[in-house]
Amino acid sequence: MTKLDLITLGRAAVDFNANEINRPMEETMTFTKYVGGSPANVAIGTAKLGLNVGMISRVSSDQHGNFVVDYMDRAGVDTKYFKRDTEGRKTGLTFTEIKSPEECSILMYRDNVADLYLSVDDFDDDYITTADSLLVSGTALSQSPSREAVFHAVDVAKRHGVEVIFELDYRPYTWKREEEKSIYMMEIAKKADIVLGTRDEFDVLEGDKGLSDDESVKHLFNHSPKLIVIKHGVKGSKAFTREGEMIEGKAYKTEVLKTFGAGDSFASGFIYAMKKEKSIEDALKYGSAAASIVVSKHSSSEAMPTVSEIEELIKTHEG
Ligand SMILES: Nc1ncnc2c1ncn2[C@@H]1O[C@H](COP(=O)(O)OP(=O)(O)OP(=O)(O)O)[C@@H](O)[C@H]1O
Ligand SMILES: O=C(O)C[C@@H](O)[C@H](O)C(=O)CO
(Lines give C-alpha, C1' and ligand atoms only; values in the text may rest on other atoms or scores of the structure.)
(Ligands and ions follow the chains in the order given, each with its own letter.)
Protein backbone atom coordinates (compact mmCIF):
# COMPACT_ATOMS: atom_id res chain seq x y z
CA MET A 1 0.00 0.00 0.00
CA THR A 2 1.18 3.55 -0.75
CA LYS A 3 2.40 5.46 2.27
CA LEU A 4 0.03 8.31 3.13
CA ASP A 5 1.12 11.49 4.85
CA LEU A 6 -2.28 11.95 6.43
CA ILE A 7 -5.63 10.24 6.89
CA THR A 8 -8.54 12.34 8.13
CA LEU A 9 -11.54 10.67 9.74
CA GLY A 10 -15.00 12.17 10.16
CA ARG A 11 -17.64 13.99 8.19
CA ALA A 12 -17.62 14.80 4.51
CA ALA A 13 -20.66 16.90 3.72
CA VAL A 14 -22.08 19.57 1.44
CA ASP A 15 -21.88 23.33 2.03
CA PHE A 16 -24.37 25.69 0.38
CA ASN A 17 -22.75 29.11 0.61
CA ALA A 18 -24.95 32.17 0.15
CA ASN A 19 -24.37 33.95 -3.15
CA GLU A 20 -26.09 37.12 -1.96
CA ILE A 21 -23.69 38.45 0.60
CA ASN A 22 -24.50 40.98 3.30
CA ARG A 23 -28.00 39.52 3.57
CA PRO A 24 -29.76 37.38 6.18
CA MET A 25 -30.46 33.77 5.23
CA GLU A 26 -34.22 34.39 5.05
CA GLU A 27 -33.61 36.70 2.11
CA THR A 28 -30.92 34.61 0.45
CA MET A 29 -32.29 33.00 -2.69
CA THR A 30 -29.26 31.31 -4.27
CA PHE A 31 -26.37 29.32 -2.95
CA THR A 32 -23.27 27.73 -4.47
CA LYS A 33 -22.60 24.11 -3.63
CA TYR A 34 -19.20 22.97 -2.35
CA VAL A 35 -17.85 19.96 -0.51
CA GLY A 36 -17.66 20.74 3.20
CA GLY A 37 -17.23 19.18 6.61
CA SER A 38 -14.13 20.05 8.58
CA PRO A 39 -12.11 16.81 8.11
CA ALA A 40 -13.03 16.75 4.39
CA ASN A 41 -11.90 20.36 4.05
CA VAL A 42 -8.58 19.50 5.72
CA ALA A 43 -8.12 16.47 3.43
CA ILE A 44 -8.74 18.68 0.38
CA GLY A 45 -6.55 21.49 1.73
CA THR A 46 -3.56 19.27 2.47
CA ALA A 47 -3.94 17.34 -0.82
CA LYS A 48 -3.91 20.65 -2.69
CA LEU A 49 -0.63 21.45 -0.90
CA GLY A 50 0.82 18.24 -2.30
CA LEU A 51 0.50 15.82 0.61
CA ASN A 52 -0.57 12.24 0.03
CA VAL A 53 -3.92 12.14 1.78
CA GLY A 54 -6.73 9.67 2.42
CA MET A 55 -10.03 10.03 4.23
CA ILE A 56 -12.26 7.62 6.16
CA SER A 57 -15.92 8.61 6.03
CA ARG A 58 -19.48 7.49 5.36
CA VAL A 59 -21.79 9.30 2.96
CA SER A 60 -25.29 8.79 1.57
CA SER A 61 -26.02 6.50 -1.37
CA ASP A 62 -27.49 9.34 -3.39
CA GLN A 63 -26.52 12.28 -5.58
CA HIS A 64 -25.03 14.27 -2.67
CA GLY A 65 -22.88 11.29 -1.69
CA ASN A 66 -21.76 10.94 -5.34
CA PHE A 67 -20.93 14.65 -5.52
CA VAL A 68 -18.74 14.45 -2.40
CA VAL A 69 -16.84 11.33 -3.46
CA ASP A 70 -16.30 12.60 -7.03
CA TYR A 71 -14.98 15.92 -5.76
CA MET A 72 -12.65 14.27 -3.24
CA ASP A 73 -11.33 11.97 -5.98
CA ARG A 74 -10.65 14.90 -8.27
CA ALA A 75 -8.92 16.72 -5.39
CA GLY A 76 -6.52 13.78 -5.18
CA VAL A 77 -7.79 12.40 -1.86
CA ASP A 78 -7.84 8.61 -1.54
CA THR A 79 -11.53 7.67 -1.10
CA LYS A 80 -11.10 3.90 -0.80
CA TYR A 81 -12.64 4.06 2.68
CA PHE A 82 -15.60 6.26 1.85
CA LYS A 83 -18.48 3.93 2.70
CA ARG A 84 -21.95 4.37 1.24
CA ASP A 85 -24.73 4.18 3.81
CA THR A 86 -27.26 1.53 2.85
CA GLU A 87 -29.90 2.45 5.46
CA GLY A 88 -31.04 5.65 3.79
CA ARG A 89 -29.06 8.02 6.05
CA LYS A 90 -28.17 11.31 4.43
CA THR A 91 -25.06 13.36 3.80
CA GLY A 92 -25.05 16.41 6.10
CA LEU A 93 -25.92 19.79 4.56
CA THR A 94 -24.70 23.17 5.74
CA PHE A 95 -26.23 26.48 4.66
CA THR A 96 -24.16 29.55 5.29
CA GLU A 97 -25.23 33.09 5.98
CA ILE A 98 -22.95 36.01 5.19
CA LYS A 99 -24.64 39.02 6.83
CA SER A 100 -21.38 40.97 6.90
CA PRO A 101 -17.70 40.02 7.07
CA GLU A 102 -18.04 40.03 10.88
CA GLU A 103 -21.44 38.38 11.10
CA CYS A 104 -21.33 34.96 9.48
CA SER A 105 -23.10 31.86 10.64
CA ILE A 106 -23.74 28.34 9.50
CA LEU A 107 -26.97 26.37 9.71
CA MET A 108 -26.42 22.63 9.73
CA TYR A 109 -28.89 19.93 8.71
CA ARG A 110 -27.46 16.94 10.47
CA ASP A 111 -30.32 14.73 11.65
CA ASN A 112 -29.51 11.06 11.12
CA VAL A 113 -26.44 11.87 9.06
CA ALA A 114 -24.46 9.05 7.42
CA ASP A 115 -21.08 10.25 8.77
CA LEU A 116 -22.11 9.60 12.38
CA TYR A 117 -22.85 5.99 11.42
CA LEU A 118 -19.24 5.35 10.42
CA SER A 119 -18.37 2.11 12.20
CA VAL A 120 -15.23 0.17 13.09
CA ASP A 121 -16.19 -2.30 10.35
CA ASP A 122 -16.01 0.42 7.68
CA PHE A 123 -12.21 0.50 7.50
CA ASP A 124 -9.24 -1.83 7.83
CA ASP A 125 -6.76 -1.29 10.62
CA ASP A 126 -3.96 -1.80 8.06
CA TYR A 127 -5.06 1.31 6.21
CA ILE A 128 -4.35 3.48 9.24
CA THR A 129 -0.92 1.94 9.68
CA THR A 130 0.01 3.11 6.15
CA ALA A 131 -0.22 6.74 7.29
CA ASP A 132 2.21 9.06 8.96
CA SER A 133 -0.59 10.90 10.78
CA LEU A 134 -4.27 10.39 11.56
CA LEU A 135 -6.49 13.43 12.09
CA VAL A 136 -9.73 12.85 13.97
CA SER A 137 -12.49 15.38 14.39
CA GLY A 138 -14.33 16.15 17.66
CA THR A 139 -17.73 16.06 15.97
CA ALA A 140 -17.19 12.41 15.03
CA LEU A 141 -17.22 11.70 18.79
CA SER A 142 -20.70 13.07 19.29
CA GLN A 143 -22.58 9.86 18.60
CA SER A 144 -22.17 6.10 18.33
CA PRO A 145 -21.10 4.19 16.30
CA SER A 146 -18.85 6.96 14.89
CA ARG A 147 -17.56 7.58 18.44
CA GLU A 148 -16.28 4.00 18.74
CA ALA A 149 -14.80 4.23 15.23
CA VAL A 150 -12.70 7.22 16.40
CA PHE A 151 -11.54 5.45 19.57
CA HIS A 152 -10.63 2.36 17.58
CA ALA A 153 -8.78 4.31 14.87
CA VAL A 154 -6.83 6.25 17.51
CA ASP A 155 -5.90 3.05 19.34
CA VAL A 156 -4.67 1.44 16.10
CA ALA A 157 -2.68 4.57 15.28
CA LYS A 158 -1.06 4.65 18.70
CA ARG A 159 -0.16 0.98 18.62
CA HIS A 160 1.60 1.48 15.27
CA GLY A 161 3.37 4.75 15.93
CA VAL A 162 1.06 6.80 13.69
CA GLU A 163 0.89 10.41 14.93
CA VAL A 164 -2.60 11.35 16.17
CA ILE A 165 -3.85 14.88 15.48
CA PHE A 166 -7.05 15.88 17.27
CA GLU A 167 -8.94 18.81 15.71
CA LEU A 168 -11.47 19.69 18.42
CA ASP A 169 -13.96 20.82 15.75
CA TYR A 170 -16.87 21.40 18.13
CA ARG A 171 -20.28 21.70 16.45
CA PRO A 172 -23.02 22.02 19.07
CA TYR A 173 -25.84 20.62 16.91
CA THR A 174 -24.67 17.03 16.91
CA TRP A 175 -24.14 16.51 20.64
CA LYS A 176 -27.26 15.16 22.33
CA ARG A 177 -26.15 15.36 25.96
CA GLU A 178 -24.22 18.25 27.49
CA GLU A 179 -22.18 16.10 29.86
CA GLU A 180 -20.89 13.81 27.09
CA LYS A 181 -18.91 16.46 25.18
CA SER A 182 -16.10 17.02 27.58
CA ILE A 183 -15.85 13.36 28.65
CA TYR A 184 -15.25 11.96 25.15
CA MET A 185 -13.32 14.90 23.77
CA MET A 186 -10.95 14.86 26.77
CA GLU A 187 -10.33 11.10 26.40
CA ILE A 188 -9.14 11.61 22.82
CA ALA A 189 -7.24 14.82 23.63
CA LYS A 190 -5.25 12.90 26.25
CA LYS A 191 -4.33 10.22 23.69
CA ALA A 192 -3.43 12.64 20.86
CA ASP A 193 0.07 13.84 19.94
CA ILE A 194 -1.15 17.19 18.59
CA VAL A 195 -4.32 19.03 19.66
CA LEU A 196 -5.72 21.94 17.59
CA GLY A 197 -8.70 24.06 18.58
CA THR A 198 -10.06 27.50 19.28
CA ARG A 199 -10.14 28.94 22.81
CA ASP A 200 -13.93 28.30 22.87
CA GLU A 201 -13.38 24.69 21.85
CA PHE A 202 -10.83 24.20 24.63
CA ASP A 203 -13.48 25.54 27.03
CA VAL A 204 -15.90 22.86 25.82
CA LEU A 205 -13.19 20.20 26.11
CA GLU A 206 -12.50 21.24 29.71
CA GLY A 207 -16.16 21.41 30.75
CA ASP A 208 -16.22 25.23 30.87
CA LYS A 209 -13.84 25.69 33.75
CA GLY A 210 -12.73 29.08 32.42
CA LEU A 211 -9.07 28.03 32.18
CA SER A 212 -6.38 30.21 30.63
CA ASP A 213 -4.30 28.88 27.71
CA ASP A 214 -1.44 28.14 30.11
CA GLU A 215 -3.69 26.16 32.43
CA SER A 216 -5.23 24.23 29.51
CA VAL A 217 -1.90 23.06 28.15
CA LYS A 218 -0.43 22.29 31.58
CA HIS A 219 -3.17 19.73 32.14
CA LEU A 220 -2.84 18.08 28.71
CA PHE A 221 0.96 17.89 28.83
CA ASN A 222 0.57 15.41 31.71
CA HIS A 223 -0.72 13.03 29.02
CA SER A 224 0.30 12.20 25.39
CA PRO A 225 0.19 15.61 23.64
CA LYS A 226 3.52 17.12 22.67
CA LEU A 227 2.18 20.09 20.73
CA ILE A 228 -0.99 22.10 21.38
CA VAL A 229 -2.31 24.96 19.24
CA ILE A 230 -4.95 27.31 20.63
CA LYS A 231 -6.51 29.63 18.05
CA HIS A 232 -7.90 33.06 18.86
CA GLY A 233 -9.60 34.06 15.58
CA VAL A 234 -8.33 37.28 14.08
CA LYS A 235 -6.10 37.78 17.15
CA GLY A 236 -3.95 34.86 15.91
CA SER A 237 -2.86 31.64 17.54
CA LYS A 238 -0.48 30.20 20.12
CA ALA A 239 1.47 26.95 19.89
CA PHE A 240 2.74 25.33 23.09
CA THR A 241 5.31 22.55 23.25
CA ARG A 242 5.73 19.96 25.96
CA GLU A 243 9.24 21.40 26.50
CA GLY A 244 7.66 24.64 27.72
CA GLU A 245 7.99 26.83 24.62
CA MET A 246 5.19 29.17 23.52
CA ILE A 247 5.23 30.42 19.94
CA GLU A 248 2.79 33.06 18.79
CA GLY A 249 1.25 33.22 15.30
CA LYS A 250 -0.29 36.37 13.88
CA ALA A 251 -3.28 36.56 11.55
CA TYR A 252 -2.58 38.12 8.15
CA LYS A 253 -4.90 41.01 7.45
CA THR A 254 -7.03 40.61 4.37
CA GLU A 255 -10.30 41.71 2.85
CA VAL A 256 -12.61 39.28 4.64
CA LEU A 257 -15.61 37.94 2.72
CA LYS A 258 -16.70 35.48 5.44
CA THR A 259 -15.07 34.02 8.51
CA PHE A 260 -15.93 30.32 8.27
CA GLY A 261 -13.34 28.03 6.73
CA ALA A 262 -10.55 29.72 8.71
CA GLY A 263 -10.00 26.78 11.03
CA ASP A 264 -9.80 24.11 8.33
CA SER A 265 -7.45 26.08 6.12
CA PHE A 266 -5.31 26.95 9.13
CA ALA A 267 -5.06 23.22 9.98
CA SER A 268 -4.16 22.38 6.36
CA GLY A 269 -1.34 24.93 6.16
CA PHE A 270 -0.06 24.06 9.63
CA ILE A 271 -0.03 20.29 9.03
CA TYR A 272 1.61 20.70 5.61
CA ALA A 273 4.44 22.79 7.09
CA MET A 274 4.98 20.36 9.98
CA LYS A 275 5.20 17.47 7.49
CA LYS A 276 7.82 19.44 5.56
CA GLU A 277 9.77 19.76 8.81
CA LYS A 278 9.46 23.50 9.01
CA SER A 279 9.70 25.18 12.43
CA ILE A 280 6.57 25.62 14.54
CA GLU A 281 6.86 29.38 13.95
CA ASP A 282 6.75 28.79 10.21
CA ALA A 283 3.92 26.24 10.52
CA LEU A 284 1.83 28.91 12.28
CA LYS A 285 2.63 31.28 9.40
CA TYR A 286 1.56 28.70 6.80
CA GLY A 287 -1.66 28.08 8.75
CA SER A 288 -2.44 31.78 9.15
CA ALA A 289 -1.65 32.52 5.51
CA ALA A 290 -3.90 29.68 4.29
CA ALA A 291 -6.70 30.96 6.55
CA SER A 292 -6.23 34.54 5.39
CA ILE A 293 -6.65 33.39 1.77
CA VAL A 294 -9.73 31.27 2.49
CA VAL A 295 -11.59 33.95 4.49
CA SER A 296 -11.24 36.28 1.52
CA LYS A 297 -12.94 33.72 -0.77
CA HIS A 298 -16.39 32.19 -1.06
CA SER A 299 -15.85 28.56 -0.08
CA SER A 300 -14.03 26.55 2.59
CA SER A 301 -12.83 23.72 0.32
CA GLU A 302 -12.51 24.92 -3.28
CA ALA A 303 -10.71 28.05 -2.00
CA MET A 304 -7.88 26.11 -0.34
CA PRO A 305 -4.59 27.68 -1.50
CA THR A 306 -1.53 26.23 -3.19
CA VAL A 307 1.95 26.28 -1.62
CA SER A 308 3.03 29.17 -3.85
CA GLU A 309 -0.02 31.27 -2.90
CA ILE A 310 0.76 30.73 0.79
CA GLU A 311 4.47 31.49 0.39
CA GLU A 312 3.74 34.57 -1.71
CA LEU A 313 1.41 35.93 0.95
CA ILE A 314 3.96 35.34 3.73
CA LYS A 315 6.67 37.01 1.62
CA THR A 316 4.49 40.04 0.86
CA HIS A 317 3.64 40.55 4.53
CA GLU A 318 7.23 40.11 5.67
CA GLY A 319 8.53 42.38 3.00
N1 LIG B 1 -10.77 37.61 9.90
C2 LIG B 1 -9.62 36.98 9.72
N3 LIG B 1 -8.66 37.51 8.90
C4 LIG B 1 -7.48 36.90 8.70
N5 LIG B 1 -7.16 35.71 9.29
C6 LIG B 1 -8.06 35.13 10.09
C7 LIG B 1 -9.34 35.73 10.35
N8 LIG B 1 -10.03 34.92 11.19
C9 LIG B 1 -9.22 33.87 11.45
N10 LIG B 1 -8.05 33.99 10.81
C11 LIG B 1 -6.90 33.06 10.86
O12 LIG B 1 -7.39 31.75 10.98
C13 LIG B 1 -6.92 31.15 12.18
C14 LIG B 1 -8.02 30.27 12.74
O15 LIG B 1 -9.15 31.06 12.97
P16 LIG B 1 -10.23 30.74 14.07
O17 LIG B 1 -9.61 30.84 15.42
O18 LIG B 1 -11.38 31.65 13.80
O19 LIG B 1 -10.57 29.22 13.76
P20 LIG B 1 -11.96 28.46 13.74
O21 LIG B 1 -12.92 29.11 14.71
O22 LIG B 1 -11.63 27.04 13.89
O23 LIG B 1 -12.48 28.75 12.29
P24 LIG B 1 -13.92 28.41 11.66
O25 LIG B 1 -14.66 29.71 11.69
O26 LIG B 1 -13.58 27.94 10.32
O27 LIG B 1 -14.56 27.35 12.53
C28 LIG B 1 -6.53 32.30 13.09
O29 LIG B 1 -5.52 31.92 14.00
C30 LIG B 1 -6.04 33.34 12.07
O31 LIG B 1 -4.70 33.11 11.72
O1 LIG C 1 -17.46 21.85 9.10
C2 LIG C 1 -18.55 21.80 8.49
O3 LIG C 1 -19.27 20.80 8.49
C4 LIG C 1 -18.98 23.01 7.68
C5 LIG C 1 -17.84 23.52 6.90
O6 LIG C 1 -17.63 22.85 5.72
C7 LIG C 1 -18.00 24.98 6.72
O8 LIG C 1 -17.52 25.40 5.52
C9 LIG C 1 -17.31 25.61 7.82
O10 LIG C 1 -17.91 26.07 8.73
C11 LIG C 1 -15.84 25.57 7.85
O12 LIG C 1 -15.37 26.09 9.05
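1. In this predicted model, an oxygen atom of ligand 1 lies 3.1 Å from a polar backbone atom of Ala262. Taken alone, ligand 1 exposes 630 Å², and the protein buries 84% of that area.

2. Two further polar approaches to ligand 1 deserve mention. A backbone N or O atom of Gly236 is found 3.3 Å from an oxygen atom of the ligand. From Ser288, by contrast, a polar side-chain atom is involved, at 3.4 Å from an oxygen atom of ligand 1.

3. As to location, ligand 1 occupies the largest pocket. Two elements, α8 (262–275) and α9 (280–295), are those that contribute two or more residues to the shell around the ligand.

4. The surroundings of ligand 1 comprise 19 residues. The closest of these are Lys231, Gly233, Gly261, Ala262 and Gly263. By character, the shell consists of nine nonpolar residues, nine polar residues and one charged residue.

5. Apart from the ligand site, the aromatic side chains merit attention: the structure contains seven aromatic pairs. One of them joins Phe31 and Phe95 in an edge-to-face arrangement, with 5.6 Å from centre to centre and an angle of 80° between the planes. This pair connects distant parts of the chain, since Phe31 belongs to strand β3 (residues 31–36) and Phe95 to strand β6 (residues 93–98), 64 residues apart.

Terms used: Residues numbered from 1 in each chain as written. Chains lettered and ligands numbered in written order. Predicted model: local features only at pLDDT ≥ 70, side-chain atom pairs only at ≥ 80, totals over all residues. Heavy atoms only, no water. Near = heavy atom within 4 Å. Polar contact = N/O pair within 3.5 Å; in protein donor to acceptor, adjacent residues only side chain to side chain. Areas by Shrake-Rupley, 256 points an atom, 1.4 Å probe, with all protein chains shown as cover. 1 Å grid on protein atoms, 1.4 Å probe; cavity = no way out; pocket = protein on both sides within 12 Å on 5 of 7 lines; lining within 4 Å. Sits in = over half its atoms within 2 Å of the grid points. Helix = DSSP H or I, 4+ residues; strand = E, 2+ residues; numbered from the N terminus. Nonpolar A, V, L, I, M, F, W, Y, C, P; charged D, E, K, R; others polar. Phe/Tyr/Trp six-rings, centres within 6.5 Å; stacked < 30°, edge-to-face > 60°.
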